[in-house]
Structure formats: C-alpha cells, structure tokens
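Trainee: Could you take me through one part of this protein slowly? I'd like to pick a single helix and see how its residues are arranged, and then hear a bit about what else is there.

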Amino acid sequence: MLSRRSILRGLGAAALAATPVSRAGAADITPVDLRGSIDAAAAGLLPGAEDDQSRRFARMLKQAAGANRPLFLPPGNYRISNIDLPDNARIIGVPGASRIVYTGNGHLFAANGAAHVSLTGIVIDGANRWLGDYAGALVHLRSVGDVVIEDCEIAGSRKNAVLLERCGGRIGRSRLTGAGDAAIHAIESSGLSITGNTVADCGNGGILVHRWTKGEDNTMVSGNRISHIAAKNGGTGQNGNGINIFRADGVMVCGNHVSDCAFSAIRSNAGSNVQIVQNQCLRSGETAIYSEFGFEGAIVSANMIDDAANGILIVNFNEGGRLASVAGNVIRNLKTTGPYAHDGAGFGFGIAVEADTSVTGNVIENAPKWGMSLGWGPYLRNIVATGNIVRQAPVGIAVSVVEGAGTALISDNILQETPDGGVVGFRWNDRATDELALSGANGFSHLTVERNRL
C-alpha cells in the first residue's frame, strides 16, 4: 500500500518534470509553486532592485495571463510604472512583504475591457508621485467584469487609490490610506462588494459609490473601518464624507465604523432604495447620516451616532426627496457649529425629515437646537413620529405650521428636559405656537398631537 507521503513525493516529482527549465538563463525559467503560479523572481524579476523593471514585469504578466496562471511576487520591492493589465491578469504576493513601488512616469496599473483582474496580498506604494491627467488612481480599471482586490495595502496616491468605472467584483480585507482624493471611487458599478477594508487619512473622501446617470447600482458597503477623512477641495458636502452615494440606487451600507469625517459619516445624494443600517458614526463635522435630494426610498435603522453637528437628515422634498423609515437609532452629543455658515435651519438637531416618512423608536439626547424637526416651511407631508425619546434639547419636536404644510402625526413620545417646549410649531426658524404637547393641535388641522409625555 502506498503511503500519503510517497504519493505527495510522486506528485512533486511529476510537477518538476513538467516544468520547462532552460540552461540558457534564469529569464526562461517558469517554476510552479503550490498554487500553480509563475514565480516572478525565479523567472528574472529582481526583488529589491533599484532599477525600473516595468518592461520585464509587463512581459511576465502577459505570459502568466496567457497561460491562465497567477504571477507570484516573492517578498521585496518592485519598481514599476505604466502597467496595462491584460485580461485574466492575476498578481499575488506575500501580504505586507511584496511591495510594488510606483516610479511616477504616468500611471501604475490600468485595465480596460478585461473579463477578470485580481490583485491579492500585495503592497502598492504610490510614493505621492505624479499621475498623468488620464490616470485617476494608482489602480484605474474600466469595464472589468470581475475585479478582485484582496489582502492588499494601497498608500500614497496623489489622486484616488482605486478608481473603478463600470466594474463588478469585490474589494475586501485591504488597507487604503493617504489618498489625495478618495480611497475607493466606484462609478456605474454592477453588483460590487466593498467589504472589511480599512480606509484612513484621505484628502476628500473614503468610499464613493457614484453614477454618471441615476440608476440601479446594487453595491454593498459593509464591515469597513473608515477614519480621518478631510475635505481639502472644500464645498458644502461634496467632499469630506466617509461613505458617499450619488445617484446610485439599491445600495446597502451596513455595519461600518466611520469616525472623524469633515462632513458626513454616510451621505446619500439622490440614491433611491438605499439601506443605512447598524453603522457606528463618531465625530462627524456636519450631518452624520444624510439622505438628500432626488431619492425615493431610504431605510436608516439601528445606527449609533455620537458627536456630530446634526444626527440624521432625510430632506429636500422640494427636489423630490421622499419615502423613508428612520427607526431604532441612538443619537447623542450634537453641536451647533459646522464646517460652513448655514443659511437655513442650521445645526444642532437630532433628526430632520420632510415627506412620507416614519420616525419611530429613536433615542435622542443632548441636541442643542431641536430634538426633531418635522418639515421645513411648506415641505411637510405624511410624517409619523411615534415612540421616540428626546432628552436634553431646548425643543423636543419642532413641526412646521407654515401654510401649505401637509399631515403629521406626533404621538406617544417621551420628551424630557425640553425647557422651551416638548412639541412646538415653527414657521421655518421662527417659533409660532405655545406648547402643543399639552393643548393638542387646536387650530392646526394638518397636525395630530396626542399622548406625548413631558
């Protein structure tokens, strides 16, 4: 009977016998490791060489892709630039040890129209070197059906770390830091997953899920840790967000830890059917969670928000923003100052909603302006606010009583330490009523105010 050891010895000998070895030089050697990859160092690439090895690298990568085999990079530094990834390109390395260093001659990695591209276990160091006008990122991929970026580190990009245009696939378990713009910018994706990454110290954004035209995107952004996102290009919300959705429908943002963003932890602009669930949002410079402008359908549930200018805003009914559920969130320690001078409602409220929205089971504590804002001027329709707790806010619930405002039901809320009123009617920023929680909504046929406890 053959032993397991003897069988493995035989298989190893057969693999060696099948490997072509030329005595003419190392460049002709293509040894196979246990995963069937081509060993780049054994085939002539020099780990740690000071010379630019771009041509040799590109040649080996093309050979490996043509043979449907990965290119394996042993530990060391590989100085390259201007690599166009062929279809079926797979580059694998030893995490933290196989380093690709960009030499700054135009672009690093680019692909267009490939079916599959994967980068696994490699470090990509942009060294903050110049990128050509045509290059949007260190890794810039267009129309790639299946992108896999896993167990990688990407740092020091002058622009984005990764830019995907019309791609699918996944980015997972990677660390992306020090990007001049955003860590990940995905445009017009098709079922992309962005999961379990660490994103930090970026100039204008963390993870961006955008579309040129509004439509189904279905990207999933989950389990990422995002911190210290600046807004170096300024603006009033275009930059400085940990996770930013723009015109992308069907996106799920779940279980992320987002902290220290100049603007929002999570911001959805014109994203319909979005779910923002079970995220930790700490120290947001503006509104922690935003669903704004032309959207229909948003679920904002079970999020923890601490230390922001505003907690959750579901707004811009004047631009078509409507239809949401805001449930089970904890919001605390807000402030009245933000990153710009606000010419509207200002800062310092826990939850603001405008149209076709249920607000239930939320807990708000220490909101320095209003605990909740229901409607803004005439932009109020079909709001239900029930079963919420508001503590330590000058006004617990502010509701619009401007002519033309629609229906609101305010019932069964607990309002504690609200010295200027539990439920009060406002005309925009100006107080227009006395306490409504005790007297009811007499004189305001669009309101039902009942069973609230002060």
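Mentor: Sure, let's start with the residues of helix H2 that are tucked away: Ser 54, Phe 57, Met 60, Leu 61, Ala 64 and Ala 65 are its buried ones. They span an arc of only 130 degrees around the axis, which means they sit on the same side of H2. Here's the general idea behind that: an α-helix has 3.6 residues a turn, so residues three or four places apart point the same way. Now flip to the face turned away from that buried side, and you'll meet the exposed residues Arg 55, Arg 59, Lys 62 and Gly 66. Keep in mind that this is a predicted model.

As for the helix itself, H2 runs over residues 54-66, which makes 13 residues. From its first C-alpha to its last it reaches 18 Å, close to the 18 Å expected at 1.5 Å a residue. After H2 comes Asn 68, and its phi is positive, near 60 degrees.

Asn 68 has company when it comes to positive phi. Leu 323 isn't a glycine, yet its phi is positive at about 75 degrees. You'll find Leu 323 in strand S30, residues 322-327, and with a relative accessible area of 39% it counts as partly exposed. Arg 451, also not a glycine, has a positive phi near 55 degrees. Arg 451 belongs to the segment after strand S43, and it is exposed, at 56% relative accessible area.

Next, hop over to Asn 362, in the loop between strands S33 and S34. Asn 362 is buried, with just 1% relative accessible area. What does its side chain reach? One partner is the backbone oxygen of Thr 360, at 3.2 Å. Another is the backbone oxygen of Val 326, which lies 3.1 Å from a polar atom of the Asn 362 side chain.

Strand S34 covers residues 363-365, and Val 363 is in it. Val 363 is partly exposed, at 33% relative accessibility. Together with Ile 389 and Ile 414, Val 363 makes a nonpolar surface patch of about 200 Å².

Finally, zoom out. The protein has three helices and 43 strands, and 55% of its 454 residues count as buried. Its C-alpha atoms fill a box of roughly 95 × 60 × 35 Å along the principal axes.

Key
Residues numbered from 1 in each chain as written. Predicted model: local features only at pLDDT ≥ 70, side-chain atom pairs only at ≥ 80, totals over all residues. Heavy atoms only, no water. Helix = DSSP H or I, 4+ residues; strand = E, 2+ residues; numbered from the N terminus. Expected span 1.5 Å × (residues − 1). Buried < 20%, exposed > 50% of the residue type's maximum accessible area, 1.4 Å probe, protein only. Arc of directions from axis to C-beta. Patch = residues over 30% accessible without salt bridge, like charges linked within 9 Å, V, L, I, M, F, W, Y side chains within 5 Å. Areas by Shrake-Rupley, 256 points an atom, 1.4 Å probe, with all protein chains shown as cover. Salt bridge = Lys/Arg side-chain N within 4 Å of Asp/Glu carboxyl O. Polar contact = N/O pair within 3.5 Å; in protein donor to acceptor, adjacent residues only side chain to side chain.
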